[in-house]
Each structure stands twice: as C-alpha cells, then as structure tokens.
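Q: I have just opened this one and don't know my way around yet. Could you walk me through it?

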Amino acid sequence: MANKKKKKLAMVVFSGDLDKLMAAFIIATGAAASGMEVTMFFTFWGLRALKKKNLTGKSFLGKLMGIMERGDISKASPSKYSFGGIGRWIFEKMMGAKKIPTLSELRRMAIESGVKLYGCQMSMEVLEIPKEKMIGEVEDCVGVAFFIEQAQDSDIQLFI
Amino acid sequence: MANKKKKKLAMVVFSGDLDKLMAAFIIATGAAASGMEVTMFFTFWGLRALKKKNLTGKSFLGKLMGIMERGDISKASPSKYSFGGIGRWIFEKMMGAKKIPTLSELRRMAIESGVKLYGCQMSMEVLEIPKEKMIGEVEDCVGVAFFIEQAQDSDIQLFI
Amino acid sequence: MANKKKKKLAMVVFSGDLDKLMAAFIIATGAAASGMEVTMFFTFWGLRALKKKNLTGKSFLGKLMGIMERGDISKASPSKYSFGGIGRWIFEKMMGAKKIPTLSELRRMAIESGVKLYGCQMSMEVLEIPKEKMIGEVEDCVGVAFFIEQAQDSDIQLFI
C-alpha cells in the first residue's frame with residue numbers, strides 16, 4: 001500500500017446554514033472514515049463554522065455585519081424555517097431525538113478524523129473576521145489558488 | 001467496447017426547490033442519455049423528490065414538519081418568488097408554454113433512462129419519512145459511506 | 001509541455017445571488033490563472049450574470065419575470081440580507097473598502113483570463129431571455145449535453 005496515493009476530497013463551504021453545514025461535515029467525516037484526505041475551504045457565510053463566540057467587525061458596517069451574524073457554529077440557522085430561532089430549536093430537538101450529534105460535535109468529529117479546515121482569506125477580510133476570532137483548529141487562511149491546487153488533484157469536489 | 005468502463009456521475013440532491021430539482025433531473029437525464037451511469041442521493045429537503053403525497057411524521061415535531069413540507073414532488077416551490085404557491089404556478093405556466101416537462105415527468109424520464117435514486121437514511125430518520133412513504137422506484141436508503149464510495153469512483157460529482 | 005493536456009474546470013452557475021456569483025467568478029479566474037481551461041454554464045437565475053440592462057420577456061408572465069428580475073449583473077442581490085437593495089449596498093461598501101473588484105469587474109477579469117461563458121438554452125427559453133439581450137462575450141447558448149461533455153472530461157466540477 002506504500003505507493004498507493006490516498007484519494008482526496010476538496011470542498012468549498014459557502015453556506016452558513018445549519019442543515020448545509022451538517023451535510024458538509026457528515027460528508028467530510030464519512031470521506032475521512034473511508035480513508036480519504038479531506039480539505040474544507042470555508043468562505044463567506046461558511047466562515048460561521050470556524051468562528052468563536054465573540055463579536056467581529058472593525059468598521060461600522062463590519063460591526064453591523066458582526067452583530068447580524070453573531071454567534072459561533074451553534075447559532076447557525078437552518079436554510080428553511082428559521083423564524084428567529086424556532087427552526088434551529090425544532091431541528092435540534094428532532095436530531096437529538098435520533099441521537100444525531102450537534103453541529104459542534106460534528107465539527108469536532110471531522111477534526112478528530114483528520115479533516116483539514118481552511119478559511120478563505122478574502123472573505124475574512126471583507127467580513128472583518130480576523131484569524132484570532134476563529135477556533136484554533138483552523139489550519140490556515142488561504143486564497144483561491146490554494147483551493148484550485150487541492151481541487152485539481154482531488155477525486156471529489158463539492159460546493160456546498 | 002466491452003472493456004470500456006462507463007463514465008459515472010454522482011449527485012447529492014440537498015435542495016427540495018422546484019428549480020433546483022429541475023436542474024438536478026435535467027443534468028441526470030442528460031448524463032444518462034450520453035451513456036453515463038448516474039446515481040442521485042437525496043438528502044434533507046431533497047427527500048421531497050422521492051415522497052408520495054401522504055403526510056409524514058410520527059413525533060409531534062415530525063408531524064409538524066410533515067405538515068410544513070406536505071405534498072409530493074409536484075408541490076415543490078421555486079427557490080425564489082414562492083409567495084405561497086404563486087411562484088410555482090408562474091413557473092409551471094412558463095414551462096408549460098415552452099413544452100418543458102413537469103418535475104414529475106422529469107423524474108419519470110430520469111428513472112426510465114436508468115438513473116438510480118437513493119434516499120439518505122439519516123435525513124429520513126430525522127425528518128421521519130419512512131421508506132413506505134416513498135415512491136417504489138427508490139433503489140435503497142443508504143448512508144454517507146455509500147455516496148462517498150460512488151463519488152470517489154465517478155467522473156462528475158455535484159452537490160445541488 | 002506540448003503534449004501535456006491542460007487541466008479543466010466545468011461549472012454550473014445556477015444562482016444569481018451577488019455573493020455566489022462572486023465566488024463563481026473568483027474560482028473561475030483563479031483556475032484560469034493557474035493554467036486551467038475554464039467553462040461556466042449559466043442557468044436559471046445565473047443568467048443574470050450574462051444579461052444586459054434591458055427588460056426581458058415576451059409573454060405576460062415572461063414580462064412579469066423580466067420586471068422582477070430586471071437589471072444586469074450589477075443589480076444582483078446577496079443571498080442573505082437583501083432587504084430591497086440595502087444588502088447589496090452594504091456588500092459593495094464592504095468590498096470596496098478592501099479594494100475587491102465589483103461583480104462586473106470580476107466578470108471582465110474572468111473573460112480576459114480566458115474563461116468561457118455559456119448560457120443554458122432551456123432556461124433562456126423558459127425565462128424568455130433571448131441571446132440579443134445578453135452581453136456579446138457569451139460564447140454560445142447550449143443544452144445540457146454540452147455541459148455533460150465538458151464536465152466528463154474535466155478535473156473539477158462545481159454546481160454553484
């Protein structure tokens with residue numbers, strides 16, 4: 001097996017929605033479990049998945065965006081039926097009843113199974129979310145060239 | 001040609017929106033028509049594309065979700081301009097005027113051209129949609145490992 | 001290098017949202033910059049990225065849709081916080097402050113770096129957007145078979 005190259009998955013996570021982030025982490029962890037090398041690139045709203053709890057933003061509009069998008073991964077809302085938090089509550093109840101891990105737990109499982117998490121530098125600048133406001137497990141903040149390089153060489157590519 | 005492996009397409013269908021489901025079935029049928037082996041994995045809201053008309057759900061929240069998401073594929077709303085059914089009506093009119101098949105017809109065409117449909121087991125459990133409430137053409141209900149296996153080995157992968 | 005085949009990226013752009021179009025053009029330009037051959041297929045709402053300013057639509061519903069979706073690429077709204085144009089204004093301000101090109105500039109950069117833009121024939125018919133109402137840089141209006149052909153043979157495929 002020494003000369004057998006590992007299969008690779010490269011994923012852009014653009015969405016910050018609870019349900020899409022769940023799908024992203026479940027696919028990533030599943031791929032890692034099957035022996036693949038997995039890289040996730042979080043961009044735009046997807047950065048929520050990497051943020052700590054603290055408010056972000058420096059300029060007036062950056063702070064405004066920080067308030068609108070406040071909270072860490074546990075505050076992600078579903079893409080449907082968000083209704084000011086009710087949708088999230090319903091989802092969490094329904095998933096809890098089936099013993100499905102929460103989003104934070106899914107992220108931890110992904111990290112523990114070797115999935116690499118990257119933040120998109122340009123979105124971090126635009127949304128004014130500096131690296132210090134992100135969890136320590138983020139490998140690095142990278143540009144689009146890094147994603148292209150990874151994706152070119154991978155067996156599965158997804159945009160979520 | 002006997003030893004030539006068929007090209008493959010593996011698709012995750014996460015969305016249950018009329019327009020995205022149309023895109024998914026049109027791409028799937030187009031790929032099958034060009035001789036590809038096509039597998040579609042329906043997860044979360046995408047499960048609507050596999051449901052029968054009947055209400056779903058067992059627990060209180062499951063029933064509530066079943067009511068909010070009631071109806072089969074013909075009740076899918078577009079991702080924009082849904083306005084309580086008006087968007088769907090406009091779309092159906094506009095597509096009908098150009099003799100474009102409805103979503104149910106597109107699904108039938110996909111099945112007839114050999115596209116394989118799979119339901120995501122975990123979403124079916126969370127949303128409380130058992131296999132009996134799905135159309136008979138669903139091949140099987142599978143976990144993420146099955147998708148990874150298919151996608152690893154495929155020439156095109158998409159997340160819709 | 002003469003016999004080395006260029007790597008390829010094939011992208012379906014379904015979304016017409018400001019933020020998703022930005023991601024699409026940035027990925028496309030990044031891929032072209034790294035030497036890849038890039039093809040973008042614009043379908044449904046994504047057609048906004050190819051439209052000129054003029055109103056579209058011929059039938060009553062087509063004209064209604066043309067009014068609802070009026071404007072060229074510069075009128076795209078973000079997928080979140082659109083609020084009748086405020087979201088777009090905030091985004092433009094935040095991106096301008098970081099010297100990030102506008103969507104129209106990103107499109108121009110993509111075209112200049114050799115990215116090929118195609119319109120989906122079927123969506124153009126349904127939404128009643130004829131080729132004359134699109135920018136001259138559009139290569140052609142094609143069917144799904146053309147996308148499948150490109151994607152089969154490409155190293156990266158994305159649905160945005």
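Q: Let's start with chain C and chain A. How much area do they bury between them, and on which atoms?
A: In this predicted model, chain C and chain A bury about 2500 Å² between them, and 76% of that area lies on carbon and sulfur atoms.

Q: Which residues of chain C lose the most area there?
A: On the chain C side, the most area is lost to chain A by C:Tyr81, C:Met94 and C:Lys98, which together make up 24% of what that side buries.

Q: And how many residues does each chain bring to the contact?
A: Chain C brings 29 residues to the contact, while chain A brings 25 residues.

Q: How are those two copies related in space, then?
A: Chain C is superposed on chain A, with an RMSD of 0.0 Å, by a rotation of 120° that has 0.0 Å of shift along its axis. The two copies are thus related as by a three-fold rotation axis.

Q: Do they meet through the same surfaces or different ones?
A: Through different surfaces, because only 14% of the interface residues of chain C are also interface residues in chain A.

Q: OK, over to chain B. What does it take to lay chain C on that one?
A: A turn of 120° with a shift of 0.0 Å along the axis lays chain C on chain B, and the RMSD is 0.0 Å.

Q: What about the contact between them, how many residues and how much area?
A: Here 25 residues of chain C are in contact with 29 residues of chain B, and the two chains bury about 2500 Å² between them, with 76% of it on carbon and sulfur atoms.

Q: Which three residues of chain C supply more of that area than any other three?
A: Those are C:Leu61, C:Gln152 and C:Phe159, which supply 25% of the area that chain C buries against chain B.

Q: And the surfaces of chain C and chain B, same or different?
A: Only 16% of the interface residues of chain C are also interface residues in chain B, so these copies meet through different surfaces.

Q: Which helices pack between chain B and chain C, and at what angle?
A: Helix H3 of chain B, residues 86-97, packs with helix H2 of chain C, residues 60-68, at an angle of about 125°, with their axes 10 Å apart. That angle makes H3(B) oblique to H2(C), and H3(B) passes H2(C) in a left-handed crossing.

Q: Which residues meet there, and of what class are they?
A: From H3(B), B:Trp89, B:Ile90, B:Phe91, B:Lys93 and B:Met94 meet C:Leu61, C:Gly62, C:Leu64 and C:Met65 of H2(C). By class, this contact of H3(B) with H2(C) has seven nonpolar residues, one polar and one charged. C:Leu61 has come up already, as one of the three residues named for the area that chain C buries against chain B.

Q: Changing topic, what goes on inside chain A, say between H1 and H4?
A: Helix H1 of chain A, residues 18-33, packs with helix H4 of chain A, residues 103-112, at an angle of about 25°, with their axes 9 Å apart. H1(A) and H4(A) are therefore roughly parallel to each other, and H1(A) passes H4(A) in a left-handed crossing.

Q: Which side chains should I look at in that pair?
A: In H1(A), A:Leu18, A:Leu21, A:Met22, A:Phe25, A:Ile26 and A:Thr29 meet A:Leu103, A:Leu106, A:Arg107, A:Met109 and A:Ala110 of H4(A). The contact of H1(A) with H4(A) has nine nonpolar residues, one polar and one charged.

Q: And how do H1 and H4 of chain C cross?
A: The axes of H1 and H4 of chain C come within 9 Å and cross at roughly 25°, and the crossing of H1(C) and H4(C) is left-handed.

How values were computed. Residues are numbered from 1 along each chain as its sequence is written. Chains are lettered from A and ligands numbered from 1 in the order in which they are written. This is a predicted model: local features need pLDDT of at least 70, side-chain atom pairs count only at pLDDT 80 or more; totals for chains, interfaces and linings use all residues. Side-chain values use heavy atoms; hydrogens and water are left out. Axes are lines fitted to C-alpha atoms, for helices over the stretch in contact, and angles run from 0 to 180 degrees between N-to-C directions. Helices (H or I, at least four residues) and strands (E, at least two) are DSSP runs, numbered from the N terminus. Angles under 35 degrees count as roughly parallel, over 145 as roughly antiparallel, 65 to 115 as roughly perpendicular and the rest as oblique. A crossing is left-handed if the near helix is turned anticlockwise from the far one by less than a right angle, and right-handed if clockwise. Contact means heavy atoms within 4.5 Å. Ala, Val, Leu, Ile, Met, Phe, Trp, Tyr, Cys and Pro count as nonpolar, Asp, Glu, Lys and Arg as charged, and the others, Gly among them, as polar. Copies are superposed by least squares on the C-alpha atoms of residues with pLDDT of at least 70 in both. Buried area is the accessible area (1.4 Å probe) that two parts lose on being put together, summed over both.
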